Amino acid sequence: MNYLDELENESIYIMREVAAQFENPVILFSGGKDSITLVHLAIKAFYPAKIPFRLMHVDTGHNFPETIAFRDQLVNDLGLDLIVRYVEDSIKRKNIKEESGRYASRNKLQTITLLEGIEEFGFDACIGGARRDEEKARAKERIFSIRDDFGQWDARNQRPELFDMLNGKISKGENVRVFPISNWTELDVWNYIKREKIKLPSVYFTHKRKVFMRDGLIWSDSEFIHRDEHEEVFEKDVRFRTVGDMTCTAAVDSIANNLDAVISEIEAAEISERGARIDDKRSEAAMEERKEEGYF
């Protein structure tokens, strides 16, 4: 076996453990490369049977149109059961308040909508595509990461996972976040996508887009993003290395229009994958603070 086989086998083992240990699991699906890889792994884990998990997408309403179109096509092609819950609905119920100002984003607001969805459907395990190499807060997570009955995460209350023994025992009201590709790197994911011929949204490859510069980052021009008068819009060849919604994801200057070119670009990169995530720059511990509140 090569290393991709070993990573795949570990992820399939985790998927099967989720099916065995939990009554009502769900895959948290964003339409990004990591969650698409999760769906592919789940298909392999249970083939020829159908995936025993539903998918849930927390839609901020500010997503890239290309990602939403891809999500709907994928679900339709594979015959999957997709649940969509909208941040807009949580705002209308006055459970959360819309941000305002230059850096306004709904990214943090997703947490409330996610927790509402988990409670509505009674999910006891939520499978996500987070990886330890992405960010220091995510490096603290176990593969089976416990959330209390308020949906919150405590970095100091983590279970040991010796010899790949995964303990999914929880009390009523608690749930587990499960990360089957936790031990993968960004480059592992791309090499696996290439090997398995997995289709991705077009935003991952170079394309012309109207953008503007702010804080040294390339922002998409969008009706959802406040732009100052002096911030000039221009057209540029870019792609997205990571895909959140449009208000929190910066583009990268790129001419990579195929998988080989993307992989070469990542191998030569001097900044991390989440270096283009605007939401991570709000504070030194931005990701950990969001995770403590119940974030993905």
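In the predicted model, arginine 142 counts as partly exposed, because its relative accessibility is 28%, a value between the cut-offs of 20% for buried and 50% for exposed. Arginine 142 is placed in the loop that runs between helix H6 (136-139) and strand S5 (144-147). Leaving aside residues up to four places away in sequence, arginine 142 touches Arg132, Gln158, Arg159, Pro160, Glu161 and Phe179. Lysine 97 lies 45 residues from arginine 142 along the chain, and the C-alpha atoms of these two residues are separated by 31 Å.

A second charged residue, aspartate 59, belongs to strand S2. Aspartate 59 has a relative accessible area of 9% and is therefore buried, since the buried class covers values under 20%. Beyond residues up to four places away in sequence, the contacts of aspartate 59 are with Ile68, Arg71, Val84, Arg85, Tyr86 and Val87.

The aromatic side chains were examined next. The count comes to 9 aromatic pairs. One of these joins phenylalanine 46 and phenylalanine 53, with 5.5 Å from centre to centre and 85° between the planes. This pair is edge-to-face, because an angle over 60 degrees places a pair in that class. Phenylalanine 46 counts as buried because its relative accessibility is 16%. Phenylalanine 53 is buried as well, with a relative accessible area of 4%.

Phenylalanine 64 and phenylalanine 240 form another aromatic pair, with 4.6 Å between the centres and 55° between the planes. The arrangement is tilted, because the angle falls neither under 30 degrees, as in stacked pairs, nor over 60, as in edge-to-face pairs. Distant parts of the chain are linked by this pair, as its two members are 176 residues apart. Phenylalanine 64 is in the loop between strand S2 (54-59) and helix H3 (65-78), while phenylalanine 240 is in the loop between strand S9 (234-239) and strand S10 (252-253). With a relative accessibility of 0%, phenylalanine 64 counts as buried. Phenylalanine 240 also counts as buried, at 0% relative accessibility.

One aromatic cluster is made up of Tyr103, Phe212 and Trp219. Arginine 214 is placed against two of the rings in this cluster. The charged end of arginine 214 sits over the ring of tyrosine 103, at 5.4 Å from the ring centre. The charged end of arginine 214 also sits over the ring of tryptophan 219, where the distance to the centre is 4.5 Å.

Several features of the backbone were found in loops. Tyrosine 47 and proline 48 are joined by a cis peptide bond, for which omega is about 5°. Proline 48 lies in the loop that connects helix H2 (33-46) and S2. Lysine 197 is not a glycine, yet its phi is positive, near 55°. The loop between helix H7 (186-196) and strand S7 (207-214) contains lysine 197. Lysine 197 is exposed, because its relative accessible area is 70% and the exposed class begins over 50%.

Aspartate 215 likewise has a positive phi, of about 55°, without being a glycine. Its place is the loop between S7 and strand S8 (217-220). Aspartate 215 counts as exposed, as its relative accessibility is 54%. Glycine 216 is found in the loop between S7 and S8 too. Glycine 216 is exposed, with a relative accessible area of 66%. Alanine 250 is 34 residues from glycine 216 along the chain, and their C-alpha atoms are separated by 10.0 Å.

The surface was also searched for pockets. Rolling a probe the size of a water molecule over the atoms shows where empty space is left. The largest pocket has a volume of about 390 Å³. Its lining consists of 19 residues, and those nearest its centre are Ile118, Glu119, Phe123, Gly173 and Asn175. Helix H5 (residues 110-121) supplies the largest share of this lining, with 5 residues. Sorted by class, the lining of the largest pocket contains 8 charged, 6 nonpolar and 5 polar residues.

How values were computed: Residues are numbered from 1 along each chain as its sequence is written. This is a predicted model: local features need pLDDT of at least 70, side-chain atom pairs count only at pLDDT 80 or more; totals for chains, interfaces and linings use all residues. Side-chain values use heavy atoms; hydrogens and water are left out. On a 1 Å grid over the protein atoms alone, a cavity is a set of points where a 1.4 Å probe fits but cannot get out, and a pocket is an open set with protein on both sides within 12 Å along at least five of seven lines; lining residues have an atom within 4 Å of a point. Grid points are joined across faces, edges and corners, and a volume is the space filled by probe spheres set on the points. Helices (H or I, at least four residues) and strands (E, at least two) are DSSP runs, numbered from the N terminus. Buried means under 20% relative accessible area, exposed over 50%, partly exposed in between (1.4 Å probe, protein chains only). Contact means heavy atoms within 4.5 Å. Rings of Phe, Tyr and Trp (its six-membered ring) pair if their centres lie within 6.5 Å; planes under 30 degrees apart count as stacked, over 60 as edge-to-face and the rest as tilted. A charge sits over a ring if NZ of Lys or CZ of Arg is within 6 Å of the ring centre and within 35 degrees of the ring normal.
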